[in-house]
Amino acid sequence: MGFFKGKKRRNSGIVIGFIIATLVMIVSACSPQGESGKVSNGKVYKWRMVTHQIPGTSRYDGTILPFVEAVKEASGGRLIIEPYGADNLFPSTDTFDSVKDGVVEMAAIYTGFWTGKDPIFALGGGTMPGDPIQGFAEHYYRSDKLEPLISKVYEKHGIKNLGSFDYAPEEILLSATPIRSIDDFKGKNIRAAGIASIYYGKLGASAISLSPPEIYTGLQLGTVDAAEYNDFLVNKELGLHEVTKYVIEPALHVGPSSDKELIVNPKAWESLPDDLKAIVMTARDEARYNSAVAYGVENQKAKQEWLDSGVEIIQLPDADVEEMRKVAFDLLLEYKNEGAASEEYINAYAEVLYDLGYVEDAKKLGYTR
């Protein structure tokens with residue numbers, strides 16, 4: 001945890017300076033010479049924010065806490081956001097309706113928890129099975145291109161989407177039993193969420209729903225044979241290396257993704273003065289920066305610690321990987337038939353793949369230029 005806290009201290013001056021510069025632009029825009037806007041009246045706003053991540057892990061302490069602290073500091077205490085970790089106020093799966101109904105004002109949350117609300121939520125945040133995209137830069141290129149499409153669907157359901165909150169490296173597949181081929185997935189019980197649960201079903205496994213705090217005991221007691229969750233870093237902080245014998249690579253259920261989308265209640269958002277909105281968005285960018293710097297390096301360090309603890313990493317055969325990627329892309333093609341929004345999203349994703357040089361993968365999803 002020292003890495004994140006140290007980075008926050010070293011960069012706090014830069015971040016706050018950036019926030020102040022942003023506020024100068026907002027104030028200028030709200031001046032008589034510019035377009036009129038809502039300026040701060042000194043009122044103190046108190047919000048509650050929920051997330052599916054667990055306090056004490058990097059995905060919480062390294063992004064959620066710096067985010068709320070930056071908002072408080074930059075706003076001079078005029079916007080106070082109280083964070084709550086996984087399942088603290090209510091189950092993570094209830095977050096959608098809780099934000100929509102104003103039970104809480106804000107959430108930094110994985111979109112795959114509510115695939116039943118709209119098919120496009122299974123695809124949001126970059127959670128694409130078989131995804132070849134790599135690294136922070138490619139991920140955020142995709143995120144910026146696709147964000148307007150998922151934001152439009154959120155708006156249809158009565159929620160304001162503020163975009164990707166942070167960066168997540170490729171998740172890993174933890175297993176208590178060896179999975180050395182595509183055939184070994186058959187009959188396995190695998191903890192999964194969102195579109196990953198459908199993907200594992202296509203491979204012959206049964207998807208089991210477990211909240212993040214339940215994964216440890218699920219693997220320990222044999223409730224599940226395997227579990228897909230976060231990267232090496234966060235999973236080690238949760239102690240999952242203690243109940244894991246194997247890590248299966250590559251984990252094709254998702255590539256680098258937005259671990260959390262930042263969503264807010266529309267009425268709460270519109271009640272904020274423009275300067276506070278700018279502070280929220282700039283603090284979000286700080287969270288992106290923190291995650292980009294930390295997760296790549298620290299995740300690789302943690303991977304070595306997994307190996308040192310005796311966990312075996314199984315590399316799936318190349319032929320099986322290709323077959324599993326085909327299964328994944330066939331699933332994405334099925335989503336194109338789920339509705340106009342899903343079709344538009346998959347087509348836009350295919351264009352992103354083409355732009356990033358994944359030409360053959362783009363063609364598999366029907367992209368032509």
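A residue counts as buried when its relative accessible area is under 20%. Tyr154, with a relative accessible area of 0%, is therefore buried. This value, like those that follow, comes from a predicted model.

The chain has 369 residues, and 56% of them are buried. Its secondary structure comprises 13 helices and eleven strands. Among contacts with a separation of 6 or more, 79% join residues 24 or more positions apart.

Aromatic pairing was examined next. The whole structure holds 13 aromatic pairs. One of them joins Phe67 and Phe165. The two ring centres lie 5.2 Å apart, with 80° between the planes, and the pair is edge-to-face. Phe67 sits in helix α3 (residues 64–74), while Phe165 belongs to strand β4 (residues 160–168). The pair thus links distant parts of the chain, 98 residues apart. Phe67 has 1% relative accessibility and so counts as buried. Phe165 is buried too, at a relative accessible area of 0%.

Phe96 and Tyr154 make a stacked pair, because their ring centres are 6.3 Å apart and their planes meet at 25°. The cut-off for stacking is an angle under 30 degrees. Phe96 lies in helix α4 (residues 95–100) and Tyr154 in helix α5 (residues 135–156), so the pair ties together parts 58 residues apart in sequence. The relative accessible area of Phe96 is 1%, so Phe96 is buried. Phe96 and Tyr154 also belong to one aromatic cluster, together with Tyr110, Phe113, Trp114 and Phe121.

Helix α3 also packs against helix α10 (residues 274–308). The axes lie 9 Å apart, at an angle of about 145°. The crossing of α3 past α10 is right-handed. On the α3 side, the contact is made by Pro66, Phe67, Ala70, Val71 and Ala74. On the α10 side, Ile279, Val280, Ala283, Arg284, Glu286 and Asn290 take part. By class, this contact has eight nonpolar residues, one polar residue and two charged residues. Phe67 thus appears both in the helix contact and in the edge-to-face pair with Phe165.

Nonpolar side chains tend to be buried together in soluble globular proteins. Here the largest nonpolar core contains 63 residues. Phe185, Tyr199 and Tyr200 touch the most other members. Elements giving two or more residues to this core include the helices α4 and α5, strand β3 (106–109) and helix α6 (195–202). Strand β9 (246–249) and the helices α11 (318–335) and α12 (340–355) are also among them. The largest share, eight residues, comes from α11.

The surroundings of Phe185 were listed without residues up to four places away in sequence. Phe185 touches Leu173, Ile179, Ile190, Tyr200, Leu203, Gly204, Ala205, Leu316 and Met324. Another core, of 26 residues, lies apart from the largest one. Its members include Ala108, Ala268, Leu276 and Ala287.

A final site is Asn189, found in strand β6 (residues 189–191). Asn189 counts as partly exposed because its relative accessibility is 27%. Its C-alpha atom is separated by 5.9 Å from that of Ala207, 18 residues away along the chain. Leaving aside neighbours within four places in sequence, Asn189 is in contact with Ser206 and Ile208. Thr223, Val224, Asp225 and Ala226 are further contacts of Asn189.

Technical notes: Residues are numbered from 1 along each chain as its sequence is written. This is a predicted model: local features need pLDDT of at least 70, side-chain atom pairs count only at pLDDT 80 or more; totals for chains, interfaces and linings use all residues. Side-chain values use heavy atoms; hydrogens and water are left out. Helices (H or I, at least four residues) and strands (E, at least two) are DSSP runs, numbered from the N terminus. Buried means under 20% relative accessible area, exposed over 50%, partly exposed in between (1.4 Å probe, protein chains only). Contact means heavy atoms within 4.5 Å. Rings of Phe, Tyr and Trp (its six-membered ring) pair if their centres lie within 6.5 Å; planes under 30 degrees apart count as stacked, over 60 as edge-to-face and the rest as tilted. Axes are lines fitted to C-alpha atoms, for helices over the stretch in contact, and angles run from 0 to 180 degrees between N-to-C directions. A crossing is left-handed if the near helix is turned anticlockwise from the far one by less than a right angle, and right-handed if clockwise. Ala, Val, Leu, Ile, Met, Phe, Trp, Tyr, Cys and Pro count as nonpolar, Asp, Glu, Lys and Arg as charged, and the others, Gly among them, as polar. A nonpolar core is a set of buried Ala, Val, Leu, Ile, Met, Phe, Trp, Tyr and Cys residues joined through side-chain atoms within 4.5 Å.
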